[in-house]
Amino acid sequence: MGCVSSKESRRRPQGYEDPNTLARETTFSVNEVEALYELYKRISYSITKDGLIHKEEFQLALFRNSNKRNLFADRIFDLFDLKRNGVIEFGEFVRSLDVFHPDTPVEEKIAFAFRLYDLRGTGFIGREELKEMVLAILNESELLLSDDAVEEIVDQTFRQADMNGDGKIDPDEWKVFASKNPALLKNMTLPYLKDITMAFPSFVLNSGASDDEL
């Protein structure tokens, strides 16, 4: 019995956490956490094959391209990388995905979206930060807008969100703005996370890794 336990321990990646613990701390059930572990393995063995999700693997899973640099993907990766050690461990993966669960309170989604746009980590969203994220999202969507159109998006956002006119958006202003503009949060909910035990999310890649490697 001890040999089996030892073998299983060796097969688990660094940062592995007990599904029961993760289920208690998130919206996911134990079965859903176990399904997420299968997803995690597929992503973490797609390129580096060390049981940890590196940025290239994360980009490949999200955008089918490990080389295309994108600020949006970088920001999502940074927010998932809770320990700031350059990789996403299993516990971080589950806790971060929990924000996107349909049953997660909207307040948590709003807070996550704020951190996404707060590129400098100052606790505020400045005009340049907003513009950089708008350009990144447009680029990923392959939408081409003129410089004037992008500036208008930024100007309109600040007219609505920067209620005290100090040239930056604070968390409280962002919360009010997001509440009035629910479309801002449409990508903050992944409906299939409710059915994770039935089918993997759409961004699961065909890693080419065999079951033996996993």
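**A walk through the predicted model, starting from helix H6**

In this predicted model, the buried residues of helix H6 are Phe90, Gly91, Glu92, Phe93, Val94, Ser96 and Leu97. Helix H6 is therefore described as mostly covered, because seven of its eight residues fall under the 20% relative accessible area that defines a buried residue. The elements that cover these buried residues include helix H2, which spans residues 19-25, together with helices H3 and H5.

Two of the buried residues of H6, Phe90 and Phe93, also belong to an aromatic cluster, which they form with Tyr16, Tyr37 and Tyr40. Across the structure as a whole there are twelve aromatic pairs. In one of them, Phe80 and Phe100 meet in a tilted arrangement, with 6.3 Å from centre to centre and 45° between the planes. This pair links distant parts of the chain, since Phe80 is in helix H5 while Phe100 is in the loop between H6 and helix H7 (residues 106-117), 20 residues apart. Phe80 and Phe100 are both buried. Phe100 takes part in a further pair, this time with Phe112, and here the geometry is edge-to-face, with the centres 5.4 Å apart and 75° between the planes. Because Phe100 lies in the loop between H6 and H7 whereas Phe112 lies in helix H7, this pair ties together parts that are twelve residues apart in sequence. Phe112, like Phe100, is buried.

The loop that leads into H6 deserves a closer look. Glu89 lies in the loop between H5 and H6, and with a relative accessible area of 11% this residue counts as buried, because the value is under the 20% cut-off. The side chain of Glu89 makes a polar contact, at 3.5 Å, with the side chain of Asn85. Leaving aside residues up to four places away in sequence, Glu89 touches Gln14, Gly15, Tyr40, Leu52 and Lys83, and among these Tyr40 is also a member of the aromatic cluster described above. Arg84 is found in the loop between helix H5 (71-80) and helix H6 (90-97) as well, but its surroundings differ in accessibility: at 57% relative accessibility Arg84 counts as exposed, whereas Glu89 is buried. Arg84 also has a positive phi, of about 55°, although it is not a glycine.

A second non-glycine residue with a positive phi is Lys49, where the angle is about 60°. Lys49 is found in the loop between helix H3 (30-44) and helix H4 (55-63), and its relative accessibility of 37% places it in the partly exposed class.

Which residue ranges does the UniProt record mark as "domain: EF-hand"? The record, an unreviewed entry, places this feature at residues 68-103, 105-140 and 149-184. Over residues 105-140 the chain is 72% helix and 6% strand, and the C-alpha atoms at the two ends are 27 Å apart. Over residues 149-184 the chain is 64% helix and 6% strand, with the end C-alpha atoms 18 Å apart.

Further along the chain, what lies over the faces of Phe158 and Phe124? Arg127 lies over the face of Phe158, at 5.4 Å from the ring centre, and Lys168 lies over the face of Phe124, at 4.1 Å from the ring centre. Gln160 has its place in helix H9, which covers residues 147-161, and with a relative accessible area of 39% Gln160 is partly exposed. Beyond residues up to four places away in sequence, Gln160 touches Phe177 and Asn181. Gln160 and Val176, which are 16 residues apart in sequence, are 9.5 Å apart in space from C-alpha to C-alpha.

Finally, the confidence of the prediction should be kept in mind when reading these details. The mean pLDDT of the protein is 84, and 83% of its residues reach 70 or more. Over residues 1-9, however, the pLDDT is below 50, and this stretch has zero contacts in the model beyond near neighbours in sequence. Residues 202-214 also have a pLDDT below 50, but this stretch has 30 contacts in the model beyond near neighbours in sequence.

How values were computed:
Residues are numbered from 1 along each chain as its sequence is written. This is a predicted model: local features need pLDDT of at least 70, side-chain atom pairs count only at pLDDT 80 or more; totals for chains, interfaces and linings use all residues. Side-chain values use heavy atoms; hydrogens and water are left out. Helices (H or I, at least four residues) and strands (E, at least two) are DSSP runs, numbered from the N terminus. Buried means under 20% relative accessible area, exposed over 50%, partly exposed in between (1.4 Å probe, protein chains only). Rings of Phe, Tyr and Trp (its six-membered ring) pair if their centres lie within 6.5 Å; planes under 30 degrees apart count as stacked, over 60 as edge-to-face and the rest as tilted. A charge sits over a ring if NZ of Lys or CZ of Arg is within 6 Å of the ring centre and within 35 degrees of the ring normal. UniProt positions are given in the numbering used here, feature names are shortened, and annotations may be inferred rather than shown by experiment. A polar contact is a pair of N or O atoms within 3.5 Å; within protein, one must be able to donate a hydrogen and the other to accept it, and residues adjacent in sequence count only if both atoms are side-chain atoms. Contact means heavy atoms within 4.5 Å. pLDDT is the predictor's confidence in each residue, from 0 to 100.
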